[in-house]
Amino acid sequence: MKPSLVKGTRDFGPAVMQRRKYIFNTIETVFKKYGFMPLETPAMEQLETLTGKYGEEGDKLLFKILNSGDFAANANDAIWNSKASNKITSQISEKGLRYDLTVPLARYVAMNRNEITFPFKRYQMQPVWRADRPQRGRYREFWQCDADIIGSESLMNEADLLCIAAEIFEKLGIRFSILLNNRKILEAIASKLNIEDKFQSFVILIDKLDKVGFDAITNELSDLGLDNFQMDTLKNLLVKMPFNLNSISTIENKLIGIDRAKEGCDEIRKISNFTGTTGIINSIYIDLSLARGLDYYTGSIIEIKANDVKMGSISGGGRYDNLTGVFGLPSVSGVGISFGIDRIYDVMEELNLFANVAQTEVKAMFCHLDENGQNFNYTLASELRKEGISIEVFPDIKKLPKQFEYAEKKGIPVVIITGDDEIASEQLSYKNLITKEQGKIERTELGGFLK
RNA sequence: GUGGUUGUAGCUCAGUUGGUUAGAGCGCUUGAUUGUGGUUCAAGAGGUCGCGGGUUCGAGCCCCGUCUUUCACCCCA
């Protein structure tokens, strides 16, 4: 048969993995610096754990796993014959692949509530699966790197997440914009416009504002019942503002007398108090048109975009006040952020930001021309490896140019050439393949030379 | 899930209104070069034209299906 990949999935070869690992390591280092601890959960969850958490659209994108054994025989006859896919699914599938890392976290916290010390700060870097139609920057299998704080209502956590994001993207060399909003302010706006009952449709509409512009959604807004005056009010509110006290006051004044607005603005103000001295505020904007589709957000919402590449968001998150409630653990507030490393990779690739990522850790490759050289090199290599230096020994006896080409292609900077003269004198010939510099080096000094 | 788009050598792509044996550049292999590569020169290998079916005397080219890619919608990392 002809081998092929499943739609929307990819292999990651050594060169790509080296770069992906660099991104993972950068993110993980920053997470650890803020006190987050690692967690891993299974690729599959009970279907009922997953369904209903991501909205109607989200449920459609869940990958479902067929029951083991003779699943058809156990199905209810009437349902089986009804040809109603969604009903049949519930008869033959009880498991699904995880859709994100937040719901599995909520499930874990609810199950382990007695062992966990709160506030619980965990990070998780694992693949998730969505049955989306693939596009550039959109895959069916992709990796998320999440950091969440469960069991703390402090806005310091939001500030932490913003600082973490800023530090990660600065380290990776990506110019970015952080968009910040609060669901409570969105609720206040809906309340001011008297469309609280159509909040979901309203949120979806304004979320695509930055993509299509205000004029493109006026028809749909009037379908929601807005008149021209209300639309003007709305248009004035939904602008990208700098992250400072002035902007917050402006919003408060426009929504004066609505409690939810006051709450939302207070929250943003508290975040601003924490981050004020950190120097990251210039990358942050208050954007009231930021909505985010995920149903479970209740307070702060965050989204991050790369400035120099046209691509969906590379990171997103927010606060959810009752995610563990459905698992029998009410009144636990959490806040988290998720980094999409596949998109981050695509952005960095497009902007050529991988120049400083080494192709290999190997410091030198040993070449030889006969068995004596092979044996000598193998002994020498094992000595150097004990010192913690990455070394390759060319395994075969081939012409030198062939050996050089191998080292060149793997990005190994130095070759050591061992022949009879070198073995006798313990003076090894080396050549730097990048600078083309070559010479002799004492065997005993080789370790220091390669470090 | 809806509607478009894409697929030809390892890679990037040509390929005329349907007409013998499908091309180029790069890469690859071998040699010039038995201890110094990426230059140069010479020779060579490599393709069931995504897959399946159909129309035709004849299909890389036309039609249908399917898979893949990509774009818009939807949603999102």
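## RNA contact surface

Of the atoms of RNA strand B within 4 Å of the protein, what percentage belong to sugar or phosphate, and what do the rest belong to? In this predicted model, 45% of those atoms are sugar or phosphate atoms, and the rest are base atoms. On the protein side, 46 residues surround RNA strand B. Those that come nearest are Arg 136, Arg 138, Lys 208, Ser 313 and Glu 408. Sorted by class, the surface near RNA strand B is made up of 23 charged, 12 nonpolar and 11 polar residues.

Three polar contacts to the RNA backbone can be listed by residue. The side chain of Lys 409 places an N or O atom 2.8 Å from a phosphate oxygen of RNA strand B. Ser 315 uses a backbone N or O atom, which lies 2.9 Å from a sugar or linking oxygen of the strand. At Gly 8, a polar backbone atom is 3.4 Å from a phosphate oxygen of RNA strand B. Two or more residues of the surface near RNA strand B come from each of β6 (141–150), β11 (315–320), α17 (400–410), α18 (420–425) and β16 (427–432). Among these elements, α17 gives the most, with seven residues.

## Nine-stranded sheet

Nine strands make up an open sheet with mixed pairing, in the order β1-β5-β6-β12-β11-β10-β7-β9-β8. The edges are β1 (37–38) and β8 (240–242); each has a single partner strand, so one side of each has no neighbour in the sheet. Within the sheet, β10 (residues 300–306) pairs with β11 in the antiparallel sense, over four bridges. In this part of the sheet, Ile 302 stands opposite Gly 317 of β11.

Helix α1 packs on this sheet and touches β5 (120–129), β6 and β12 (334–340). The direction of α1 makes about 5° with that of β6. Another helix, α15 (residues 341–350), lies across β6, β10 and β12 and runs at about 40° to β12.

## Five-stranded sheet

An open sheet of five strands follows the order β14-β13-β15-β16-β17, and its pairing is mixed. Here β14 (391–393) and β17 (438–442) are the edge strands; each pairs with a single partner, so one side of each is left without a neighbour in the sheet. From one strand to the next, the twist averages 30°. Strands β16 and β17 run antiparallel and are joined by five bridges, with Gln 427 opposite Glu 442 in β17.

Helix α16 (residues 371–386) packs on the sheet, in contact with β13 (364–368), β14, β15 (414–418) and β16. The direction of α16 makes about 160° with that of β13. Helix α17 lies across β13, β14, β15 and β16 and runs at about 170° to β13. This is the helix that gives seven residues to the surface near RNA strand B.

## Leu 5 and the N-terminal segment

Leu 5 lies in the segment before α1 (14–33). Is Leu 5 buried, partly exposed or exposed? Leu 5 counts as partly exposed because its relative accessibility is 48%, which falls between the limits of 20% for buried and 50% for exposed. Leaving out residues up to four places away in sequence, Leu 5 touches Arg 10 and Asp 11. Leu 5 is 333 residues from Ser 338 in sequence, and their C-alpha atoms are 26 Å apart in space.

Technical notes:
Residues are numbered from 1 along each chain as its sequence is written. Chains are lettered from A and ligands numbered from 1 in the order in which they are written. This is a predicted model: local features need pLDDT of at least 70, side-chain atom pairs count only at pLDDT 80 or more; totals for chains, interfaces and linings use all residues. Side-chain values use heavy atoms; hydrogens and water are left out. Buried means under 20% relative accessible area, exposed over 50%, partly exposed in between (1.4 Å probe, protein chains only). Contact means heavy atoms within 4.5 Å. A residue is near a molecule or strand if one of its heavy atoms lies within 4 Å of it. A polar contact is a pair of N or O atoms within 3.5 Å; within protein, one must be able to donate a hydrogen and the other to accept it, and residues adjacent in sequence count only if both atoms are side-chain atoms. Ala, Val, Leu, Ile, Met, Phe, Trp, Tyr, Cys and Pro count as nonpolar, Asp, Glu, Lys and Arg as charged, and the others, Gly among them, as polar. Two strands pair if DSSP finds at least two bridges between them. Axes are lines fitted to C-alpha atoms, for helices over the stretch in contact, and angles run from 0 to 180 degrees between N-to-C directions.
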